[in-house]
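I opened this entry to record a few look-ups on packing and burial. The structure is entered first, and the notes follow.

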Amino acid sequence: MKLRKAIDQLMQGVFLSAGLTAVVFLLGIFGMLLFNGAKTFKEVSLAEFFGSSNWNPSAYGEPSFGILSMLVSTLMVTAGAMLIAIPLGIGTAAYLSEVASPKVRNWLKPTIELLAGVPSVAVGFIGIVLVAPAIAKVFGLSNGLNALNGAILLAVMALPTIITVAEDSMRAVPKQFREASYALGANGWTTLVRVVLPASFSGIIAAIILGIGRAIGETMTVLMATGNATAMPNGFFDPVRTLTATIAIELGEVAYGTNHYYSLFGLGAVLFVISLLVNLLAEKLASKFRYKL
Amino acid sequence: MMISNKFIAIIGFFALLFCTMLVISFLGIILYDIFSKGASALSLDFLLEYPRKGMTEGGIFPAIAGTVFVTMVTALFSLPLGVAAAVYLSEYAPDNWLSRFIRASIRNLAAVPSIIFGLFGVALFVQGLGLGLSVLSSGLTLGLLTLPYVITTTEEALKNVPHAFREGALALGATKWEAIRTVVLPPAIPGIVTGALLGLSRAAGETAPILFTGVAFYLRYLPGSVLDQFMALPYHLFILSTQHHAIEQVRPLAYGTALVLLSLVFLLNIIAVVIRYRFRAFNQR
């Protein structure tokens, strides 16, 4: 009997420590990024890091550590992706939630999950073999590996997230809201636009923010399809290099313990903080869309 | 007024249908292009041979084997840990700040970009723990990335086990652990397997976390232990489509690699979905 009690106590301890590992890893990742990243700032000022668009950390003599053009590239590609993905995503979510029959829905949902399951390297490959030639042809460019290509691919990658979360929030709108609208003589479309969308507004915003987070953190797609030029981009037809792509390109060739090495962790810290803030904001908004009736 | 309202409604609903069709067509285009062009590269030799002549000929066997190997290491790390964490959250965790903090950490861990896991893997596993560039370093890094999925889906599966099961076991004199082992975990297994397969399918397709933790451009041998480097399908596709010296020449091989990678990932997905549907049908009986 004593042994059984002891085992029971032991297992409780095992399960608690397993639960705590998630906390340890998250804090460990953040701590490691800050610890290594902070070493950059022994020699580089914060003003140069965030304010300069000159990135040449391995230059002989006068290396430069400005991440501004990468921040701009990341924001530009993400914004472009959202211009495409937000209307398509919300439209699809509304179709799934308000129009599709249960049977159609049961087919569409796994299909969208399948789209979410396509590995990012495969999406990047499609960017090279299909999207790049198409962009070059349509706009008369010599090369289609640019910000526009990245934006299109990131839109495809962010769509499943946006659709799933937006649909959840639309379906969370109580039936009574729709019935009240019909009782007042409104048709399905008016009900959608005037009742369901406003009622699920914070959830839809959360979906968009999570989609933004997905796009900002994506690495392989942008690495393969955006041309990777470190110069400040002037428009969507310019090649760009995002924060994620820079880490992916340079971590392999950097010497351990150099300022360049630490600056990549600094980039990682910036990226981590952005995705953490994005996620916390989305959670804050998403918690609002549960109606109590 | 009535007519114009109806007209707007029809246009509106058609717009929604159009959005949905467009999204589905994205998947269709990706699948059609890769499967139609990859099929010609596909053969038994392609699956079972090593690359030859600077990877311009031959097959992708070491990349397939490497991906399977590293995914197994990922599973060995993330499944026990993830299931145990989920048991804590579902069966033990009181409603207090610590539980909320654990849950928040898991959700935020799921939102961390995959390249950050790569950075962490380099700092902790490759250099900190001295595991070097290896299957183990990559497997552990991918395990971290998979962990939140395993925890979330397992907790869901455990929550679906009726409360009466636990109460029955406890009433018969079982300790809490005995109740969990004998009546809570067994009915949750299909749900846990579904979540695990979905998480692992994502891990198998990831490139960024393995980029600097152990994957190799080309190896003449399969990894003999978990401390060796390995080749992997997603990285092989990346190499063939961007880093190779004769990109146009190896395009068919790149398509073939993409086809095998997608098939592997989708196979895991489809098995997961089938298990989920069967399980649901079973529960509703």
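I looked up the surroundings of Arg105(A) in this predicted model. Leaving aside neighbours within four places in sequence, I found Arg105(A) in contact with Leu96(A), Ala100(A), Pro110(A), Glu167(A) and Arg171(A). I placed Arg105(A) in helix H4 of chain A, which covers residues 102-117. Is Arg105(A) buried or exposed? I entered Arg105(A) as buried, because its relative accessibility is 15% and the cut-off for burial is under 20%.

I turned next to chain B and looked up Leu81(B), which lies in helix H3. Its relative accessible area is 18%, so I recorded Leu81(B) as buried. Which residues does Leu81(B) contact, its neighbours within four places in sequence left aside? I listed Ala18(A), Thr21(A) and Phe25(A) from chain A, together with Leu147(B). I also noted Val150(B), which is 69 residues from Leu81(B) along the chain, with a separation of 8.9 Å between the two C-alpha atoms.

I then examined how helix H3 of chain B (residues 61-92) packs with helix H9 of chain B (residues 233-243). The angle is about 140°, and the axes are 8 Å apart. I therefore described H3(B) as oblique to H9(B), since only angles over 145 degrees count as roughly antiparallel. On the H3(B) side, I noted Ala63(B), Ile64(B) and Thr67(B) as making the contact. On the H9(B) side, I noted Leu233(B), Pro234(B) and His236(B). By class, I recorded four nonpolar residues, two polar residues and no charged residues in the contact of H3(B) with H9(B).

Terms used: Residues numbered from 1 in each chain as written. Chains lettered and ligands numbered in written order. Predicted model: local features only at pLDDT ≥ 70, side-chain atom pairs only at ≥ 80, totals over all residues. Heavy atoms only, no water. Axes fitted to C-alpha atoms, helices over the stretch in contact; angles between N-to-C directions. Helix = DSSP H or I, 4+ residues; strand = E, 2+ residues; numbered from the N terminus. Parallel < 35°, antiparallel > 145°, perpendicular 65-115°, else oblique. Contact = heavy atoms within 4.5 Å. Nonpolar A, V, L, I, M, F, W, Y, C, P; charged D, E, K, R; others polar. Buried < 20%, exposed > 50% of the residue type's maximum accessible area, 1.4 Å probe, protein only.
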